[in-house]
Amino acid sequence: MRPFTYERADSPAAAAAAVQRRPGAKFIAGGTNLLDLMKLEIETPAHLIDVNGLKLDTLEATPDGGLRIGALVRNTALAADPRVRRDYSVLSRALLAGASGQLRNKATTAGNLLQRTRCPYFYDTNQPCNKRQPGSGCAAIGGYSRQLAVVGSSDACIATHPSDMAVAMRALDATVETVRADGTTRTIPIAEFHRLPGDTPHIETALVPGELITAVTLPKPVGGTHVYRKVRDRASYAFALVSVAAVVQRDGSGRVAVGGVAHRPWRVEAAEAEMPRGAKAVTAGLLADAKPTHDNAFKLTLVERTLASVLAEAKG
Amino acid sequence: MHHSGDLDMTRRGLLLGTAATAALTAAPFRAPARAATVGETAMPPPATGADAPSLSPVLSKVTFTVNGQRRDLELDTRTTLLDALREHLHLTGTKKGCDHGQCGACTVIVDGQRINSCLSLAVMHEGGDVTTIEGLGLPGKLHPMQAAFVEHDGYQCGYCTPGQICSAVAMLDEIKAGVPSHVTVDLNAAPQATPPQTMADEYRERMSGNICRCGAYSNIVDAISDVARREA
Ligand SMILES: Cc1cc2nc3c(=O)[nH]c(=O)nc-3n(C[C@H](O)[C@H](O)[C@H](O)COP(=O)(O)OP(=O)(O)OC[C@H]3O[C@@H](n4cnc5c(N)ncnc54)[C@H](O)[C@@H]3O)c2cc1C
Ligand code: SF4
Ligand code: FES
Ligand code: FES
């Protein structure tokens, strides 16, 4: 790990200003992703700004009946909140399907959204990787790509976003609230938050350098049956091969977001019109532009079958 | 379609592939960051650009409580809580397995919650309250969970055991606090109300962050079930 200086910030605006002041500075929240990557010198911040003291760790109702989740709310606390369990249970389920009890106790809402890919070549610093080292190439293309993206990928990068939480938030139409170094705030719809890789896979989100996430807001509950189904190589403590977050209404209409298939949680609103016709029709629309590799073409079938099982469960 | 050519996969590619599938189980052992010893003088680096990171270690003071005792430390900012406990406070009960959050051997209880001490910086625990396996109980005065692990043979080599025990103690508190799990059938019912026969499934799922290479899992679940029954 490279040496770094360290400070604790005591207000969101001060944190955003501090990161701007120090080139190479980063925020640290739970540290469960950043420290992992710093140990491998994939991340090499010269300065860390600890945001744990910002008092952004509460959940509150919004005036329009939604829920505002502070950026520092831990994954355990969010999954266990009675409002989330009752009104947004797809989010509770997604959180509980991720990582381990220990990690969820530390992992924060903002850190989870910003966790980086688990592409094995991103982690192996001996391999070319456009995300880790722009312009160096992509070892995953033509390499071992079983876990990687089948849709929305590019000739520069076929990585997936590994978060379970973000897939549920995409299905729930969450918005991300931020503050920038100059003190201005904005909200970013989750659909626009994570970017596709294109030819700049190292630029992963809509955030500008130094922009601090302060909260994630969920709109008022939409009812329906909530299901999160994660398919992985072992029953617990493993990243998804494919996951499906769905909210299904009694008339068969609803929403579906898919994880493990793209550089961001994958949702195609137009495909949801096919919900009453079943999984095959929805998947056809969701994955219409899929470009799988030899190793991961199985994910296309897996998405359809997982969705079929989710829809059957939702019907009861 | 990109084709990976299964047959002419190189040994390196194969190893990489294997490492990828087992990303959570096969973690390399890595040397800890060179920790500056207490008292060594190291000036904070001058303001540097992102491409010219300073290579001199930075020391920082931190105070937290470990097993009821106040500890004042001056540490390299890179020091994890795990290395602070083992290398600086010589509490070697807490183990380093993977050093990457993948095995649970380093589990300790901080402010009542179990965490992986390898993925947490010591300086981030100012004012914190840390309990390690030594703080739960010592020979002659074992914590009920420690005694149950002995009674049920909840280990073989014992390397994962301190992490398993700290994790199990805090895990039972999570259940008491009503925290649901991936296998909880009804999210809106209290997990305490789970029927005893499915409680073992709850323990297995909730303990999945603690890997046991010796495979003592079934005895670990027996030990936990025993303690939970007696506490109930
Ligand atoms: C072994 C293992 C297994 C895992 N399994 C899963 C899994 O199955 N599913 C899953 O979804 N996840 C999994 N994870 C990932 C885990 O969910 C993330 O590590 C965690 O959510 C990151 O949150 P954090 O608060 O620790 O982030 P940190 O590590 O503190 O930060 C991550 C990034 O976010 C930035 N950041 C943090 N807070 C803010 C803020 N407020 N504003 C702007 N930037 C910020 C940091 O600068 C950093 O770049 C696993 C992790 C491990 C180690
Ligand atoms: S897929 Fe993306 S993250 Fe993986 S090696 Fe290629 S560029 Fe890097
Ligand atoms: S040492 Fe393996 S999880 Fe910390
Ligand atoms: S007892 Fe040997 S690793 Fe668990």
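How many residues surround ligand 2, and which are the closest? In this predicted model, ligand 2 is surrounded by 13 residues, and the closest of these are Cys119(A), Cys129(A), Cys138(A), Cys157(A) and Ile158(A). When the residues of this shell are sorted by character, eleven are nonpolar, one is polar and one is charged, a count in which cysteine is placed among the nonpolar residues. The space that ligand 2 takes up is also the largest cavity.

Ligand 1 has a different setting, for it lies between chains A and B. Around ligand 1 there are 37 residues, of which Phe27(A), Gly31(A), Thr32(A), Thr108(A) and Asp164(A) come nearest. Thr32(A) can be followed further, since an N or O atom in its side chain is 2.6 Å from an oxygen atom of ligand 1. Polar backbone atoms also approach the ligand: one belonging to Asn33(A) is 2.9 Å from an oxygen atom of ligand 1, and one belonging to Ala238(A) is 3.4 Å from an oxygen atom of ligand 1.

From ligand 1 the view can be widened to the two chains themselves. Their contact draws 61 residues from chain A and 66 residues from chain B. The size of an interface is often expressed as the accessible area that is lost when the parts come together. For chain A and chain B, the area buried between them is about 5,300 Å², with 58% of it on carbon and sulfur atoms.

Polar pairings also run across this interface, where 21 residue pairs are found in polar contact, with both residues at pLDDT 80 or more. Between chain B and chain A the count of salt bridges is one, and in a salt bridge the side chain of Asp99(B) meets that of Lys39(A), with 2.9 Å from N to O.

How values were computed:
Residues are numbered from 1 along each chain as its sequence is written. Chains are lettered from A and ligands numbered from 1 in the order in which they are written. This is a predicted model: local features need pLDDT of at least 70, side-chain atom pairs count only at pLDDT 80 or more; totals for chains, interfaces and linings use all residues. Side-chain values use heavy atoms; hydrogens and water are left out. A residue is near a molecule or strand if one of its heavy atoms lies within 4 Å of it. On a 1 Å grid over the protein atoms alone, a cavity is a set of points where a 1.4 Å probe fits but cannot get out, and a pocket is an open set with protein on both sides within 12 Å along at least five of seven lines; lining residues have an atom within 4 Å of a point. A molecule sits in a cavity or pocket if more than half of its atoms lie within 2 Å of its grid points. Contact means heavy atoms within 4.5 Å. Buried area is the accessible area (1.4 Å probe) that two parts lose on being put together, summed over both. A salt bridge is a side-chain nitrogen of Lys or Arg within 4 Å of a carboxyl oxygen of Asp or Glu. A polar contact is a pair of N or O atoms within 3.5 Å; within protein, one must be able to donate a hydrogen and the other to accept it, and residues adjacent in sequence count only if both atoms are side-chain atoms.
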